[in-house]
Structures are given as C-alpha cells and as structure tokens.
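Please open the model in your viewer and keep the selection panel at hand. The tour goes from a single chain to a contact between two chains.

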Amino acid sequence: MKKIYHNLKIFFLFSRYSLRSTLDHRAGVFFFLFGKILRFSFFFFLIFLVFSKNQLLNGYNFTQAIIVFLTFNLIDTATQMVFREVYRFRPLVVSGEFDFILLKPYPVLLRLLFGGFDFLDLVVLFPLCFLFFYFLFQLPSINLFSLIAFFFLLINAFLISTSFHIIVLAMGILFTTVDHAIMIYRDITSFGRFPFDIYRKSLRDFLTFIIPVGVMFSFPPKALFGLLSFQNTIIAFLISLISLFLSLKIWQFALKKYQVGGN
Amino acid sequence: MIKVKNLTKIYQVYYRQNNLIKDIFFRKYKEILALDRLNFSIKENEFVGFIGPNGAGKTTTMKILSGILYPSGGEINVLGFFPFDKKPEFLKQITFVMGQRNQLIWDLSAMDSFLLNKEIYEIDDALFKKNLSDLTSLLNCSSLINKPIKSLSLGERMKMELIAAFLHDPKIIFLDEPTIGLDIFSQEAIRNFLKTYQKEFRKTIILTSHYLEDVNRLAKRLIIINKGKIIYDGSLKNIINLYSKEKTIRLNLEKQPSKDFFKKYSVINYQFPRLILKVKRDQINQIVSQLSDEIEYVDITVEDEPIEEVIKKIIKNNEIREKYD
Amino acid sequence: MNIGKNNQKMINKLEKRCKKNLTIIRTLCILVLVTIKEYFAYRLNFLLWRLRTFLNLLIILFLWEAGLKSSPSLLEKQAFFSYLIYAVTISYLVLGTRTTDIAGEINSGAIVNTLLKPISFFRFYFYKDLADKMINLSFALFEAFLALKIFQIKLLLPQQIVLGVILLANGIMISFFINLLLSFIGFWSREVWGPRFIFFILVSFLSGAYFPLNLLPKIIYLILLLTPFPYLYYLPTKIFLGERFPLFVIFLSFFWFFLTYLITKKIWRLGNKNFSFWGR
C-alpha cells in the first residue's frame, strides 16, 4: 500500500513537471491542439462525405459510423494522454539517458509508460466525450447491458493498447535503427477509425486475432449496437490477457539484450 | 563491497550481408568479447580509477556493476545484490554520473529535478536539506539551483548533475568521464570537490577518465583495462616501481662534455648548458656518482618517467604479448 | 580562316556549356546516390515507413469501396478509384522531401556546412529532393500495383500528358518552396514542428489524397482553388484523367509557383541576415 502511494506521488510529480514543460512552449500548445481539432474535423467530414453517396456503409448507418469514429478517437486520445512518454523513448535510448532511468529505484516500465502524462490530450478528451454522448443518445435503442459491456471493452482496449506500447518500448531497445515504431502502431490502429466491416474478411480476422486492433476499436461499438456475441466478448478479454503477458515477456527479453546507449 | 568473479560480457553486433531479405529475417551477428573474465574486488572507502583506451571495457564494467547491462557470465556481488535485478534497496545505495549526459529536466530548474529525486529516492526532509546545503557549499553554487537548466553553462550543469546524483547519500559512486568537455577551471573545481567529498563522507568511488590528471589526483588505486582484460591492478606508486624501467636525469652543465661522453650515455636532448639523459632505474645511484666525476654541472635532478608514458607502455606491451600468445 | 576561328569559338563555347551541364548532371547523380545510400543505411526503417503509407492507402480504398457499393455507375467507380490511385502515387512525387532536415540544421548551426559548399543551397536541396522522390515513387508504384490487384481496379489511362506534366512540375516546385519556408522558421524559432504538423494535416485533406476535391460543396471548392493546396497534386491528377479546367485555374497554378518562389527567396535572405548561430 505504501509502495503504491509512493509510486503515485512520483507519478504526480512527473505529471506536474510535464505540464510545466509543456506550458513553456506556448506556440507548441496552440499548434498541437489546432492540428488535432483540424484532423478530427476533416475525418468527421470525410465520413459525412462518404454517406452523401450512400445511406448505409456495409450495414452501418451514419450515426453508427460516427460512434465508431468517436470511440476510436476516445481510445486513441486517452491512450496518447497516458502513454505520451513512450513517444519520447527512442531519443532516450539514442542519447543514453535511458541508462539514468534504469538506475532509479522505481519500476522502470511504469516510468516509461506513464511518466509523461499529456494534459493537452486531456483538453481534447472533454469535447470528445461530449460529442460521444450526443451521438449516443441519437441511437434508437441502447440498453444498460450493452452500455456495461461497452465500458468493460473500453478498459479491455486500454489493456491491449498497454501491451502494444510495451512492445513498442521493447522494439526501441532491440531495433535502434527504427525511429518510428510508435507511429507504426498508430497507423495500424487507424484501421479502427472506420467500421471494421468495410474490410475484407481475411484482413478483419488478421486484425482481430493476430494484431488485436479489431478487439480494441471494433468490439466496443459493436457491443453498444448489440452486435457482439457473448462468446466474442470472452475472447476479447482472453486476447488482452495473452497480449499483456506476451508483451511483458518481450520487454524482459529486450532489457537483457540492451547493449550500450549513446555513441 | 564489490566482488566480481570471471565477469564476461559479449556484445552481439549485427552485420549487413547486403541482402535485404537476409538482413531483415536472417540477421547474422558477430560476437564481440567486451569483457573477458574480469576478477577484482573493491572495499569500502576506496577511490579506484579505471583506465584504458577507448572501447577497452571500462564503461561496460561500470554499467554491469550498476545493473544497467546484463552480464553474459561470471559472478557479481555489489552490496550483497545482483545488480541487474534492480532492487530499489540496491539502487538507492548507488549513483552514476556520466559526463555530457543530462539527467536533469531541461526546461525546469535544477531544484525541480532535486525535488523529483527526493521523492524517487524517498529522502526525508531533514536529510535532503542537509545534503543539499553540504553539496551546494562544497561546489559553491547555491545561486544556480533555481535557474532553468537550459540557461546554465556546461560546467555549471555538471555541478548540478553531481548534486542530483549525490543527494540520496549513495554508498557507491560511479563516475564515467565526469570532466569530459569541461574547461580547465571547471575540471579543477570538480576534482577538488570529489576529493573533499570522498574524504569527508568516506564514499566508495569508481572513476573513469580520459584525463589522466583526474585519476592521478584522485585515485589511490588504479585498474588498467585493455581489450576487456585487466592488465594492471594496484596502487599508483607501485606502477612506477614495477613498470618504469627508466628514469630521467636533467643536468645544468658548466662546461661542454667530451665527445666520448655522448657515446657512453643515452642522451635524449642536449642544448648547452642543458642536458637530459635516460638511465636504467637500477643503475641510477651508480650513474649519478659517475656523472659527478666525469662532468661539471651546476645542478642535477632525477625524475620518474611521466605516468602517462608508463601506462602507454604497459598497454603496448600487453598488446604485443597478446599477438605472440 | 575567319569563319574557322568563329567556329572554333563556337565550339569552345559549346564545350564549356556542355562541361557545365555535365558537372551539374554529375553532382545530381552523386547527390542522388548519397541520398539513396542514406536511405539504405536505414532500410528497415524505410520499409516500415512504406508499409505505413501503404496501410493508409488501403484504409482509404476500403472506405470508398464500401461507400460506392450501391453506386450504379461502373464508370464513376472506375474514375473514382483511378483518381485515388493516381493522386496518391503522384503525391509522393510532389511531397517527397529532405528539406525537413534544414530546420534542425539551422537550429544546431550545422547548416554552415551546406552553405560553405560551392553549390547553390537551393539546388543542393532540390537534387536531394529529387532523389527522395525517385526512391519513394518507385515504391509507391509497386504499392499502387498491389492496390490495383487487391481491389481489381481498371485504371484509366493518362490523357493531356503535356499539360499534366507541366502542372505536375508546378506542383513539385510549390511543394518544394513551401517545405523550405516551413524549415526557414528555424531562423527565428526552435519550434518548427508545429507549423509543419498543421501543413501536413492540411495537405492530406485539402490537396485531395482522400477524395477528389470537386466532391466538396461548390462554394468551398471554389475558395479552396484560391489556396495553393489543389495545385500540389489534385490539379495534375485531374488533368491526367482528362478533365478540363477553366484557364484561370491553370493560371493560378503558375501564380502560386511564382509567389512561393518569391517569398522563399525573400525569407531566405532575411533569415540569413538574422542567422546568429542558435547552436551551442
């Protein structure tokens, strides 16, 4: 208990410093927020445009497609907010500063995952939530059960995202020539921006069972629309546990393989 | 405190086969023996200098001892721990300072980083205050701790790094090139600080440096590493007795010596009235008395070989021996 | 005799010019080679980058495949997918650039190394860009081929080739100058990533990589035509697909080319005066 309290205290200090560093670069704050809002509105508009040609998108109506899109943005923004430090990992390895982190008496992995809470994403998260609830109430039928399933599948998505981020960290150690492992993750997850049923079956299966992006982004809204079977819900939780376990193994392996930082 | 038996480290370096598919899927690795069965132990309150050419394995050794790197073989015991486990109780008792590497938060003041370390290392308020004031007064820099790191000079930044690293009162201190890139005044200030700090607080310090002056002034014990092997482990004084076969004699002459004289001795430099000779160590007494008979001089001094020369020789001899082994 | 002398003069002149051209070509070749080598030093990195762009292309194609499912006109579908494939492929030719490094070089002071080279700064980076474009294009063509196979698209053949190529050249130059300008911000500030981030997002939508811009409401489309974005690759793509545009649109492409050129020149001069070695 004392340990958890201690780690939380460190986490809050890190977050406070990260906020102060952010506010030091005011132009950066503006561009970041502006860019995010711009990209969000553009994709929103793109979905609108697609529906201007069509009433249904492989069985999804406009509201449903928007809810898929908003769910994607919620998970995407929340995970960026929490895992922002992962984006800064490679420079740490390249410059050798990673050594200093290894020397500190705190859980190294937690520090690398959560050490850079991003307040700018928090700012983006509020209007997203508002939009989400707005469109949620446009749905003709929602019941409590599907809402609860949605909520737990969101948490599940967060767990899967955690293991993705751990693997990205491990790649940062193992493949020092790759400078955008995190962006590869981002691009793969961007399949989740649109309803999964627009993809071919083989791709869908690959993106669900091999790289569980589908479980992250397509399962929660499906549960919300009452389209997800109970069996698949159980599979979703199993997949997240397996991926978490595997990613931790990979991380431990990477740490042993860590050679020299810098130079 | 530190005990190392047969410590070995093998690096895997992947090399290109100039075939895209092979390079990605069937990588081939070359193994490089970075440390070859090192054995040594370090006691409390020792100040040890690690010396050796680039890539000899000094930093690798320190990184294994501090738990950053995983050893490929051998036994290691530091303060009763296996370093790689990274137990908090272990990490709280050590510190590592690397020259030209920044661990302080760039945009914020040093004090912010100190406060962060206070939490991380769970230093209680009283101790934090005491250590901070001790360190700032020793380094004479209390006016700097509230300025943003990015506004400090390199030397000033190094002082802040040292404070941040020492705040938790570590028992073992690893210093990797702490004076690299600094101007001579900052170098001097840091050397003086380390000397007083070690004396006053009785720490165990392990230091590597390219500047022999650092080691010469600070370390009583010297470990020379070359190509992953320890080739000398002992006191600084001993190294000269053991390895320096020659001494230098400097003379200030009154008269020009005869031509025969030059045939008899190995003259390094002669520019009347100054004469420099090189002499075997064991013949020194005999030759000095001989000289007073043969020539007239105003004064005479006998010097040891400079330590840099001795170490260069040791490393060179070691390499030659390895070749013929 | 006299004629012979004049001829000799002419030949000398021609020889000189040829030599000059040859050195230009040689520098170009060497820069291209160096840039390719730089890429291949990080080939895993590069391949993964191409994988990322390919994934993005796939997502857009899937989206429109579903979106146009109920559309009755086969021809419309064919034209639409041809547009997407052309636009994305051409976009690598237009946007591929190495000028992003310049900002960092200005900040660190390393730009001095480039300035001290006996080659015009602009030409140096333009050659590097050409190399970058060639490498990316060769991969993009392969990816486009894959996409054609996966989605069974029948590609329309290019038309109005001469005009298309001219407008494409305009697009390449406009992109080059804007990219330079974004890096020149480094002369005044360390925060160079922000404007580039915004530019990147704007380009991806407003230049028409996700949909042909004429799908937009008429008034928005017309306003957009006044900005430089459609002239990067939307206009050349449409021209290649045989569409006709009013003359003022063609004129605007040239207008943006000259305007960005003049601004870049001016800012470059100002920046050089302001240059005070931020680097430590």
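What follows is a short series of selections, with a note on what is there at each stop.

This is a predicted model, in which local features need pLDDT of at least 70 and side-chain atom pairs count only at pLDDT 80 or more, while totals for chains, interfaces and linings use all residues. Residues are numbered from 1 along each chain as its sequence is written, and chains are lettered from A and ligands numbered from 1 in the order in which they are written.

Select chain A and colour by secondary structure: there are 13 helices and zero strands, where helices (H or I, at least four residues) and strands (E, at least two) are DSSP runs numbered from the N terminus.

Switch to the C-alpha trace of chain A, which spans about 55 × 40 × 40 Å along its principal axes. Its radius of gyration, 20 Å, agrees with the value near 18 Å for a compact globule of 263 residues; the radius is taken over C-alpha atoms, and the globule rule is 2.2 Å times the number of residues to the power 0.38.

Now colour chain A by burial: 38% of the 263 residues are buried, that is, they have 20 or more other C-beta atoms, placed from the backbone, within 10 Å of their own.

Next, show chain C together with chain A, where the contact takes 26 residues from chain C and 30 residues from chain A, two residues being in contact if their C-beta atoms, placed from the backbone, lie within 7 Å. On the side of chain C that touches chain A, select α2 (43-67) and α8 (193-206), the elements that give two or more residues; α2(C) has the largest share, twelve residues.

Key. Buried ≥ 20, exposed ≤ 12 C-beta atoms within 10 Å, placed from the backbone.
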